[in-house]
Amino acid sequence: MKTLLITILVLLQVLAMPTRAHALLNPSAVGWGNLVVPGLGATLRGYPRQGLTEAGLELGTYFGGTYGVREGGFTIDGSVKVPTSRNMLSPVIGQSLQEFGLKYHFHNTFYHYQQAAIDAQDTESERNKKQPLYYGSWKDMLGAPFQWKNLSSIWVFPLITASAAYLIYEYQNTEVKRFGFRVSRDAEALYGFQQMAVIPITGAIGEEPLFRGFVMREMRANTGSAVAALAIQSAMFTLVHPSELRASGFLSGIYFGMMTNHFDGNIEPAIAAHFWVNVIDGLIAYWTLQRSQGKETPFAPPITANVTVPF
Amino acid sequence: MIAARFFGLAVLLACLSFSAHADDAVPPPEPNAKQSSRDFQWQIVEFFNSERCDLVRDAAKPSSYSLLRPNILAIVAFCEPRGQDHEKLFREAEKRDPTGDLIMVLHAKYVWKRSKEKARPLWENVLKHARNTYLKSMAKRYLEGEVEKDEILHLSPWSYQGKFRLGGGYESNPVFPYAGNPGGGKRPQSYGTFKANGGVQRWVSFGSYAANYEGSYVRYSKSPELSMFGNQLEVPITFRLGAYEDIVFRPFAGLSYAGSRSFEQKMGFGILGVAYRPEYKQSVQGSIFTNNLFFPEFNAEEGTHLRFDYNWEFFPSRWTYRFQAFMEHLRAVNDFDNGTDIKHSHTDLGGLFGLQLMGQGITYEFDFSASFRLDSLPSEYTGRQSGVRLRKRRNDVTIDAKPGVTIPLWRDFDLNAFYEYTRTFSPLRQDDYTDYNMEDHAIELVLLTEFSNY
């Protein structure tokens, strides 16, 4: 029924859509098309092999991640459910693969949108976009969390410090339930790597370009309102988060969006903040796993009996 | 369902977003000249439809050619205005709309009247790039040498077309879709089949919108309970994004019956991107749909499907060959809602290689496909013969080979004959919950015809 309603809504929008053939590719169509069909952006831009490679990697890693695991609903961090048992290795690998596939797809969506927008720069609507286009490459995005100019910004370091203080305080004062079993060292190490490296990197260079670099820019152009664009991209960002993370997802979506507006479309400060907040969050998750097995960690909270993996 | 919601929301925002880019379009010519008016240009089409090229020549003045829409300019060029370089006019129209169906067809017909050999690359271009399937068929007929005298083209912003197939054949192991090997052995038998495709399409400035229906019926002689009546309706809306790129929104729904009982219902939508290039055509499609299976023995296979298709078609001379690759993931609802021991969520990967050779009047075809199905989780069950508890993951490989030949009979009637071999290899055998190792041979003879308002 939901699919039917969505289809009807889409049809109504489509029928109301005035457009004509374009001399240059419509960047908006490239971006949205790629978002729903992996490889479409590269195909439309005339790079079929690149499109196939991207689609193969994105779909292969995302759906490969469902192999051998329990599958739940789709979220921004994949669909794999991690069981409350010692068999964590393959679910964590599955979740990491999905994380990579999904965020690589987000990144590519922005990339093809960005390139099409650069090609179409001489068209009137591209010139009149209210949010400037972010021109950086994947290397710039990867380096952003380690750039002093980003870290020293008043928008970034207070957020990281406040997030760290809050997360550590919450960790220290929340009882951790002890597992009734031992997680293998390999699974524990992989979990730590996933939480402190895979999620922060892929999250920052996948989600920020998509939501703040693409969706917010498009919505700003369509609605003409910075507030509406901020709200729409944040709502979309929230919707794809698991239900327990939706409140923080919405607030962070708003904050990162405001930050991007403040820096005239430059998403690098938001990438830096997003990355370090995720690293701290990952560290806490890793400590929680260790603590749940009776190990000592900094800021060690009290332990009680019984069990769930803190995902 | 969050996947569907996200997919839908993304598409919705996309639709809203495209509209904001309408201004990116190439600015149209100044509309104030009388000769550029919509009525005037439609008048040209009316003259052309009435086979009055003389009136077209009189009506369109050379000074106003730059104001004409590319299609109309091609009509004027086709009507050979005096003192004008017709090829130059076609080139101008093609420059402004390089993949316009009508421009390509009119140009090919114009050259064909003078030299069939010189028209060949132009017809091949129509075969490669035309969006209208009837015009593609027309190009094929001209290329195959079936056309003696140039056919008249009737133009309309509406086009409708239909295809009918009536045939009969013999199959060695007919089974329901989703079924494994039937208990009690194979029942080879003959069958009759009828298939109808019909569509109506409205061509508009941004592309087109259409409604297409496909109905099929197959009836087996010894097992009437396997007879299947399938219906599918799609409402594609095509947007021309660039000179060589289209994007198509394809909502679709289908309902099929086995005998007098409902068998399957599906509903969803796809987004298709097509890029036309000089050497090939590439299309990429993503679709999401849900299906319901009404037979209790199959309904564990229902759920939400996410499917991605990648296709290439190459057109070197008389050859056409194509590659397809797909990936489909099924999230079977019963795996999660009922916690059953037999799992059905799976991911399929597959590819197809197709070859078509146009000889003198005869078309030879060969398709080969292979697909791999891997269940997400192993299933646990008690062996049907051994009675012991088993744990296996279904991972099937299916291959399909289909050679065929199509022979033109008379006007738009063709005769098609093909043989199809399908073989599935599966680790699930007789002792397991279903035996999916299957082999099927089918041979069929079909009478085909098509019509259109062109």
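Let's start with A:F146. At 54% relative accessibility, this residue counts as exposed. The cut-off for exposed is over 50%. Keep in mind that this is a predicted model.

What does A:F146 pair with? One partner is A:W276: the ring centres are 5.7 Å apart and the planes stand at 85 degrees, so this is an edge-to-face pair. The two residues are 130 apart along the chain, with A:F146 in the loop between helix 7 and helix 8 of chain A and A:W276 in helix 13 of chain A. A:W276 counts as partly exposed, at 25% relative accessibility.

Now the wider tally. Over all chains, the count of aromatic pairs comes to 35. Among them is A:F146 with A:F275, where the centres are 5.6 Å apart and the planes at 65 degrees, so that pair is edge-to-face as well. A:F275 lies in helix 13 (residues 268–291) of chain A, so the pair ties together parts 129 residues apart in sequence. A:F275 is buried, with a relative accessible area of 8%.

Staying in chain A, next is A:N34. It sits in helix 2 (residues 27–36). Buried or exposed? A:N34 is buried, at 0% relative accessible area. Beyond its neighbours within four places in sequence, A:N34 has contacts that include A:L40, A:H105, A:N108 and A:H112. The C-alpha atoms of A:N34 and A:F106 are 8.9 Å apart, with their positions 72 residues apart along the chain.

Over to chain B. It has 454 residues, and 53% count as buried. There are 9 helices and 17 strands. Take contacts between residues at least 6 apart in sequence: 58% of them join residues at least 24 apart. The chain exposes about 20500 Å², with carbon and sulfur atoms supplying 56%.

Look at helix 5 of chain B, residues 86–96. Its buried residues are B:H86, B:L89, B:F90 and B:A93. Why do they fall on the same side of the helix? Because they cover an arc of only 100 degrees around the axis. They pack against helix 4 (70–78) and helix 6 (101–112) of chain B. On the other side, B:K88 and B:K95 are exposed. B:D85 caps the N-terminal end: a side-chain oxygen lies 3.2 Å from the backbone nitrogen of B:E87.

Last, rings in chain B. B:F176, B:F263, B:F295 and B:F298 are linked into a cluster by ring pairs. Then two charges over rings. The charged end of B:R307 sits over the ring of B:F326, 4.3 Å from its centre. The charged end of B:K402 sits over the ring of B:F418, 4.4 Å from its centre.

Notes. Residues are numbered from 1 along each chain as its sequence is written. Chains are lettered from A and ligands numbered from 1 in the order in which they are written. This is a predicted model: local features need pLDDT of at least 70, side-chain atom pairs count only at pLDDT 80 or more; totals for chains, interfaces and linings use all residues. Side-chain values use heavy atoms; hydrogens and water are left out. Buried means under 20% relative accessible area, exposed over 50%, partly exposed in between (1.4 Å probe, protein chains only). Helices (H or I, at least four residues) and strands (E, at least two) are DSSP runs, numbered from the N terminus. The arc is that of the directions from the helix axis to the C-beta atoms. Contact means heavy atoms within 4.5 Å. A polar contact is a pair of N or O atoms within 3.5 Å; within protein, one must be able to donate a hydrogen and the other to accept it, and residues adjacent in sequence count only if both atoms are side-chain atoms. Accessible areas come from the Shrake-Rupley method with a 1.4 Å probe; for residues, only the protein chains shown count as cover. Rings of Phe, Tyr and Trp (its six-membered ring) pair if their centres lie within 6.5 Å; planes under 30 degrees apart count as stacked, over 60 as edge-to-face and the rest as tilted. A charge sits over a ring if NZ of Lys or CZ of Arg is within 6 Å of the ring centre and within 35 degrees of the ring normal.
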